[in-house]
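Open your viewer and get the selection box ready. We will go from stop to stop, and at each one you will hear what to pick and what is there.

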Amino acid sequence: MIQISSEAKRVAEVRRLLQQASYAYYVLDAPIMEDTVYDRLYRELQELEAKYPELVTPDSPTQRVGERPATHFTSVRHNIPLYSLENAFNLEELQGWEQRWRRHLPPQYSLGDVDYVAELKIDGAALALTYQNGVLVRGATRGDGVTGEDITQNVRTIRAIPLRLNFDGMENIEKVEVRGETFLPLDVFKEINQERQKAGEQVFANPRNAAAGTLRQLDPRIVARRRLDFFAYTLHIPGMDDASIANTQWDALELLQKMGFRVNPNHKLCATLAEVGEYYEYWDRSRLNLPYMTDGVVVKLNSFKLQEQLGFTQKFPRWAVALKYPAEEAPTRVERITVNVGRTGALTPLAEMLPVQLAGTTVSRATLHNSDRIAQLDIRVGDTVIVRKAGEIIPEVVRVIKELRPADTQAFIMPTDCPVCGQPVVRESGEAVTRCVNASCPAILKGEIEHWVSRDALDIKGMGEKLVHQLVDKELVHSVADLYHLTTEKLCTLERMGQKSAEKLVNAIAQSKNQPWARVLYGLGIRHVGSVNAQLLTEKFTTVEKLSAAKQSDIEGVYGIGAEIAQSVSQWFRTPANQTLISRLQEIGLQFTQTEETLVVGKINAQIAGKVFVITGTLPTLKRDEAKGLIQKAGGKVTDSVSKKTDYLVVGADAGSKLEKAQSLGITQLSEEQLLDLLNT
């Protein structure tokens with residue numbers, strides 16, 4: 001029998017007392033010991049662990065702050081993708097969401113069997129936490145939903161996140177995946193900005209930016225000082241359908257609390273959508289009294305079994321929606337209504353307006369979505385309208401102020417012929433979108449090529465929108481395959497295209513042949529297939545032949561791929577013209593196989609591949625072009641300006657305004673030495 005020393009017993013006992021105290025303070029909001037007692041126990045544990053270092057464990061309260069800063073963050077793949085939510089902006093749109101998922105309701109359910117859980121949507125940064133045998137082993141950012149960054153050192157500093165779970169009565173559980181939102185309380189945010197202002201540093205724009213930037217600090221001691229908070233909202237455990245664990249969202253929230261997490265105390269179980277509406281309207285009035293920022297309400301179907309049966313659309317889970325609070329709105333006047341034709345042939349009407357400031361940006365165009373929306377708004381040229389940013393991103397017209405309408409306006413009618421190719425357009429039964437179905441339409445071809453060369457697809461640098469339009473207008477290309485037959489001589493016939501630029505572009509096109517199968521699949525522009533779905537599909541179907549031959553049911557069996565996506569993929573590969581395109585691209589040398597080499601390279605370059613770098617100042621040994629080349633060779637991207645999309649700022653001597661902006665956005669900074677370490681990892 002193994003003898004446990006008295007010191008080990010004391011260490012375990014002190015840890016237990018400290019963990020109980022943290023749970024009571026951070027989760028239950030009911031302290032059980034004085035601060036002085038906690039501090040005395042904490043110091044005793046520090047002294048014991050210093051004397052007996054073999055007793056130190058990763059879940060010890062003393063391990064919340066690492067000893068040394070990280071040099072970089074490693075990209076990690078989420079075990080379960082973090083999908084974004086569909087947005088609704090009022091109660092009518094919430095009812096529309098309900099009507100959509102009801103169409104997929106299994107026959108054994110009636111609407112009376114369905115209830116909802118409403119939770120406040122915290123305005124912070126999503127985290128994915130992994131626990132093995134009850135101990136925190138990984139904390140990662142959301143990233144693109146499939147791949148995030150491993151920030152475990154920083155996550156350990158957040159005291160609302162337990163390092164060890166309370167597993168009383170659940171000893172058989174080996175692995176737990178928890179999702180939640182980390183955020184800065186408003187009083188802490190105010191203190192941080194006051195300190196930054198005194199130090200002459202640029203203040204953070206809002207608590208959300210501050211939280212996201214804090215998570216990506218390389219030094220966990222800085223993260224600890226900023227006192228991030230955390231609410232858990234999603235729980236995944238193998239065997240989740242077992243009612244003895246949790247079979248509803250409501251049960252899962254209670255279980256999360258029992259395990260040691262804080263969940264937002266303002267969540268509510270609602271029997272009807274009307275109750276959800278009351279909850280939403282109450283918090284729309286009361287949210288300014290909260291100690292943190294919230295930008296809406298998350299509504300989920302309560303039953304996990306029903307969630308599983310409803311599944312996903314091409315982008316979102318059908319069983320959840322984010323009901324957002326009203327966005328910032330502003331009045332302006334409609335100057336013109338134009339119609340844009342996209343790569344799928346969809347005709348999208350746009351309102352061109354007098355420029356207006358909205359949510360910090362100048363807005364002069366807004367989508368009108370489709371003919372139904374135009375009819376609903378009764379919008380006309382000359383109208384004064386209220387415009388807002390949907391989800392703080394896409395400008396849209398909310399309503400028309402008809403009292404200010406000029407007397408001579410006329411109703412706008414969607415064209416019956418494509419405004420680009422002149423061919424008749426169609427609107428299929430059950431769809432709100434009007435489409436051009438002429439496969440030779442220049443607008444469709446331009447959209448397909450722009451998508452093919454885009455950053456997340458084949459990433460062909462130098463192939464901008466204006467150049468694509470020239471290639472199509474001059475009939476130098478008739479499909480994406482024709483790009484690979486362009487020569488320097490042909491390109492030099494285009495406007496503003498010199499010999500060197502043409503040579504660079506030809507090389508960039510040739511290099512795109514090395515892009516992996518997932519990017520090629522996304523680049524094909526199959527309707528409803530985004531970059532995340534393309535990655536999921538290529539992992540299951542490792543060659544184009546396997547995907548082409550797959551039954552729709554097999555495609556739908558991939559986690560996160562719903563019936564709509566599966567049907568679209570199956571139909572696309574059954575189209576003879578698309579099979580011809582695949583054959584041409586294979587002959588050219590594009591990658592249609594997920595090889596072992598591809599998988600290995602992806603892992604080796606995970607810290608660089610797909611990341612966006614900006615270089616500022618003079619580096620000690622590398623010229624800027626040399627540093628740029630090294631980053632690009634490793635799969636990274638280099639841009640000239642700092643934005644929210646920037647992952648790393650490489651800083652040299654005499655850095656300018658880019659450094660200040662990166663600091664305000666919380667972007668990770670690298671010295672030349674750190675960059676080289678990252679490249680050599």
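## First stop: a loop residue

Start by selecting L85, which sits in the loop between β1 (74-77) and β2 (86-88). Keep in mind as you look around that this is a predicted model. L85 is partly exposed, at 26% relative accessible area. Now show what surrounds L85: beyond its neighbours within four places in sequence, its contacts are V298, F316, P317, A320, V321 and A322.

L85 also appears in a UniProt record. The unreviewed entry gives a "binding site" annotation that covers D35, T36, V37, Y38, D39, S84, L85, E119, R142, E181, K300 and K324. Select that set and leave it coloured, as some of these residues come up again.

## The annotated active site

Which residue does the UniProt annotation "active site" cover? Select K121, the residue named under that heading in the unreviewed entry. K121 belongs to strand β3 (residues 116-122), and with a relative accessible area of 22% it is partly exposed.

Next, display the contacts of K121. Leaving aside neighbours within four places in sequence, they are M293, T294, D295, G296, V297, V298, A322 and K324. V298 and A322 are also on the contact list of L85, and K324 is one of the residues under the "binding site" annotation.

## A buried aspartate

Move on to D229, in strand β8 (residues 229-236). Is D229 buried or exposed? Its relative accessibility is 15%, so D229 counts as buried, the cut-off for that being under 20%.

Select the contacts of D229 outside the four places on either side in sequence: I158, A160, E181, T182, F183, P185 and R262. If your colouring is still on, E181 will stand out, since the "binding site" annotation includes E181.

## Three cysteines

For another "binding site", UniProt (again an unreviewed entry) lists C418, C421 and C441. They are spread over 24 residues of sequence, yet they cluster in space, with a largest C-alpha distance of 8.7 Å.

Zoom in on C421, in the loop between β16 (394-400) and β17 (425-426). C421 is partly exposed, at 22% relative accessible area. Apart from neighbours within four places in sequence, C421 is in contact with C436, N438, C441 and P442.

Then pick C441, in the loop between β18 and α12. Its relative accessible area is 0%, so C441 is buried. Not counting residues up to four places away in sequence, C441 touches C418, V420, C421 and C436.

## Along helix α12

From C441, carry on into α12. Eight of the 11 residues of this helix are buried, so α12 is largely enclosed by the rest of the structure. To see them, select A443, I444, L445, K446, G447, I449, H451 and W452. What do these buried residues pack against? Their partners are β12 (329-341), β18 (435-436), α13, α16 (517-523) and α21.

Now look at one of those partners. The axes of α12 (residues 442-452) and α13 (residues 465-473) come within 10 Å and cross at roughly 135°. The two helices are therefore oblique to each other, and α12 passes α13 in a right-handed crossing. To show the contact, select P442, L445, K446, I449 and E450 on α12, with E465, V468, H469, V472 and D473 on α13. By class, this contact has five nonpolar, one polar and four charged residues.

## A second helix pair

α21, another partner of α12's buried residues, takes you to the next pair. The axes of α20 (residues 563-574) and α21 (residues 576-588) come within 5 Å and cross at roughly 75°. These helices are therefore roughly perpendicular to each other. Highlight W572, F573 and R574 of α20 together with P576, N578, Q579 and I582 of α21, which make the contact. The classes here are four nonpolar, two polar and one charged.

## Last stop: Q674

Finish at Q674 in helix α25 (residues 672-680). Q674 is partly exposed, with a relative accessible area of 24%. Leaving out neighbours within four places in sequence, Q674 is in contact with L218 and Q669. For a final pick, draw a distance between the C-alpha atoms of Q674 and V650: they are 24 residues apart along the chain and separated by 8.8 Å.

Notes: Residues numbered from 1 in each chain as written. Predicted model: local features only at pLDDT ≥ 70, side-chain atom pairs only at ≥ 80, totals over all residues. Heavy atoms only, no water. UniProt positions renumbered as here; feature names shortened; annotations may be inferred. Helix = DSSP H or I, 4+ residues; strand = E, 2+ residues; numbered from the N terminus. Buried < 20%, exposed > 50% of the residue type's maximum accessible area, 1.4 Å probe, protein only. Contact = heavy atoms within 4.5 Å. Axes fitted to C-alpha atoms, helices over the stretch in contact; angles between N-to-C directions. Parallel < 35°, antiparallel > 145°, perpendicular 65-115°, else oblique. Left-handed = near helix turned anticlockwise from the far one by under 90°. Nonpolar A, V, L, I, M, F, W, Y, C, P; charged D, E, K, R; others polar.
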